[in-house]
Amino acid sequence: MKNLEDGLNRRRAENLYRERLVLESPQGAEIHVGEETLLSFCSNDYLGLANHPRVVAAFREGADRYGVGAGASHLVNGHSRAHHALEEELADFVGAQRALLFSTGYMANLGVVGALTDRHDAVFEDRLNHASLIDAARLARAKVTRFPHVDVDRLGSLLTHTARPRLITTDAVFSMDGDIAPLVELAALADKHGARLMADDAHGFGVLGQGGRGTFEHLGAPLVPPAILMGTLGKALGVFGAFVAGEEALIETLIQRARTYIYTTALPPAVAEAVRASLKLAREEHWRRERLRMLVEHFRDGARNLGFVLTPSSTPIQPLILGSAEASLSASRHLRTHGILVTAIRPPTVPEGSARLRITFSATHEASHVDRLLEALSTAKIA
Ligand SMILES: *Cc1c(COP(=O)(O)O)cnc(C)c1O
């Protein structure tokens with residue numbers, strides 16, 4: 001027990017201690033924490049669908065029809081008409097033969113990498129990949145090589161010198177930086193070396209591309225096998241869950257082999273009904289993506305004028321990299337005194353020395369909200 005206390009105290013001393021806020025309200029531009037009303041810039045509810053009345057109604061109707069629990073895994077008797085319809089709609093949306101639902105993005109990543117690789121296979125990962133992709137390759141006991149961030153040339157030479165390259169995995173939009181992976185070049189490299197590309201589009205799906213189909217659409221590249229797409233349903237779609245999309249044989253392989261698919265209870269069918277409603281909104285309401293683009297541009301112009309150095313991100317993830325954990329914590333506290341919530345992101349979520357404010361935008365924000373954020377940043381003494 002003593003060791004645990006020591007470890008916690010050390011974390012506190014290093015400004016790395018993490019704490020949870022207790023929300024009293026739904027997600028939205030304004031949230032309630034205790035007595036405080038805070039303008040929130042740290043949700044991944046990019047399209048503002050997490051509390052949309054049509055999505056909430058679909059959830060309720062789903063519960064009326066199916067009850068609340070799936071009761072079993074998909075392979076036993078937990079696979080409902082709602083799950084099945086959602087899989088078909090997701091496959092149609094992203095232009096894949098099939099899609100397969102997982103309970104979370106974390107589990108989808110573990111499932112795919114575990115089903116496709118073993119300890120004889122080499123997996124290549126962008127150095128800034130999400131923790132779930134890193135854990136996936138570890139759990140599969142694959143031979144992991146992490147290549148420098150978005151460095152296609154370096155990856156090319158690493159691949160040339162590797163036996164059995166099986167998978168290249170990458171965030172499509174990097175979760176803490178907001179920049180976009182060179183998916184077209186990565187897919188070409190994968191092809192050339194007999195490997196597969198797996199793109200984790202947790203932050204692009206719903207947000208990027210004219211139709212919201214994600215990073216592939218944004219880059220003008222159709223999703224072509226053997227490329228694998230993982231998308232999450234708890235961020236831009238505002239609900240919960242994840243899916244993997246690809247060709248028939250990939251999906252059937254996952255059903256047979258992905259342990260995080262087989263050995264876990266299916267999502268509640270009502271969750272699938274809620275996602276179907278939010279997918280429909282994401283497909284139809286282009287103004288949500290346009291609003292996001294406008295907010296991001298407005299923020300970047302304003303922040304530049306204040307002297308901030310911005311990262312090359314055109315997505316709703318706009319980090320201000322401040323360096324030390326202490327600096328980012330104190331900036332976050334400063335914003336909080338102005339009624340603004342931006343959590344400090346610190347190691348090991350981001351590399352040592354690159355702690356930051358990770359600012360995110362949602363279609364529920366107004367331009368005046370961005371002005372309030374900029375105003376508070378201007379007095380934070382961090383530019
Ligand atoms: C959030 C996230 C995940 C995990 O998705 P969940 O559905 O929240 O488990 C996976 N990959 C990336 C890049 C993410 O940002």
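## Cis peptide bonds

P348 is located in the loop that runs between β12 and β13, the latter spanning residues 355–360. In this predicted model, the peptide bond joining P347 and P348 is cis, with an omega of about 5°.

A cis bond also leads from P225 to P226, where omega is near 10°. P226 belongs to the loop between α9 and β8, and β8 covers residues 228–232.

## Positive phi outside glycine

R141 is a residue other than glycine with a positive phi, near 55°. R141 is placed in the loop between α6 and β5 (143–147). With a relative accessibility of 63%, R141 counts as exposed, because the threshold for that class is over 50%.

K381 likewise is not a glycine, and its phi is positive at about 55°. K381 falls in the segment after α15, a helix of residues 367–378. The relative accessible area of K381 is 80%, and the residue is exposed.

## Aromatic pairs and a charge over a ring

The model contains 5 aromatic pairs. One of them is formed by F93 and F205, in an edge-to-face arrangement with 5.7 Å from centre to centre and 75° between the planes. F93 is part of helix α4 (residues 81–94), while F205 sits in the loop between β7 (196–200) and α9 (215–218), so this pair ties together parts that are 112 residues apart in sequence. F93 is buried at 1% relative accessibility, and F205 is buried with a relative accessible area of 1%.

F102 and Y261 make an edge-to-face pair, with centres 5.5 Å apart and planes at 65°. F102 lies in strand β3 (residues 98–102) and Y261 in helix α11 (residues 259–262), so the pair connects parts separated by 159 residues in sequence. F102 counts as buried at 2% relative accessibility, and Y261 is buried at 4% relative accessible area.

Ring pairs also bring F41, F299 and F361 together in a cluster. In addition, the charged end of R12 sits over the ring of Y17, at 4.1 Å from the ring centre.

## Buried polar side chains

S132 is a residue of helix α6, which covers residues 131–139. The relative accessibility of S132 is 1%, so this serine counts as buried. Its side chain is joined to that of H130 by a polar contact of 2.7 Å. Beyond neighbours within four places in sequence, S132 is in contact with Y106, N109, L110 and D200.

T169 is found in strand β6 (residues 165–171) and is buried, with a relative accessible area of 1%. The side chains of T169 and E125 are joined by a polar contact of 3.3 Å. E125 also appears among the residues that T169 touches when those up to four places away in sequence are not counted; the others are V113, V123, F124, D126, N129, L133 and M198.

## Surroundings of G78

G78 is placed in helix α3, residues 74–78, and is buried with 3% relative accessible area. Leaving aside neighbours within four places in sequence, G78 is in contact with A70, A72, S73, H83 and A266. G78 and T264 are 186 residues apart along the chain, and their C-alpha atoms are separated by 9.9 Å.

## Pocket and cavities

The largest pocket encloses about 1,200 Å³ of space. Its lining comprises 40 residues, of which E19, C42, T343, A344 and I345 lie nearest the pocket centre. The elements giving two or more residues to this lining are helix α14 (325–337) and strands β11 (340–341) and β12 (344–345). Of these contributions, that of α14 is the greatest, at 4 residues.

The model also holds 2 cavities of 30 Å³ or more. About 70 Å³ of space lies in the largest cavity. This cavity is lined by 13 residues, and those nearest its centre are G28, S40, S43, S362 and H365.

Definitions and conventions. Residues numbered from 1 in each chain as written. Heavy atoms only, no water. Phe/Tyr/Trp six-rings, centres within 6.5 Å; stacked < 30°, edge-to-face > 60°. Buried < 20%, exposed > 50% of the residue type's maximum accessible area, 1.4 Å probe, protein only. Lys NZ or Arg CZ within 6 Å of the ring centre and 35° of its normal. Polar contact = N/O pair within 3.5 Å; in protein donor to acceptor, adjacent residues only side chain to side chain. Contact = heavy atoms within 4.5 Å. 1 Å grid on protein atoms, 1.4 Å probe; cavity = no way out; pocket = protein on both sides within 12 Å on 5 of 7 lines; lining within 4 Å. Points joined across faces, edges and corners; volume = space filled by probe spheres on them.
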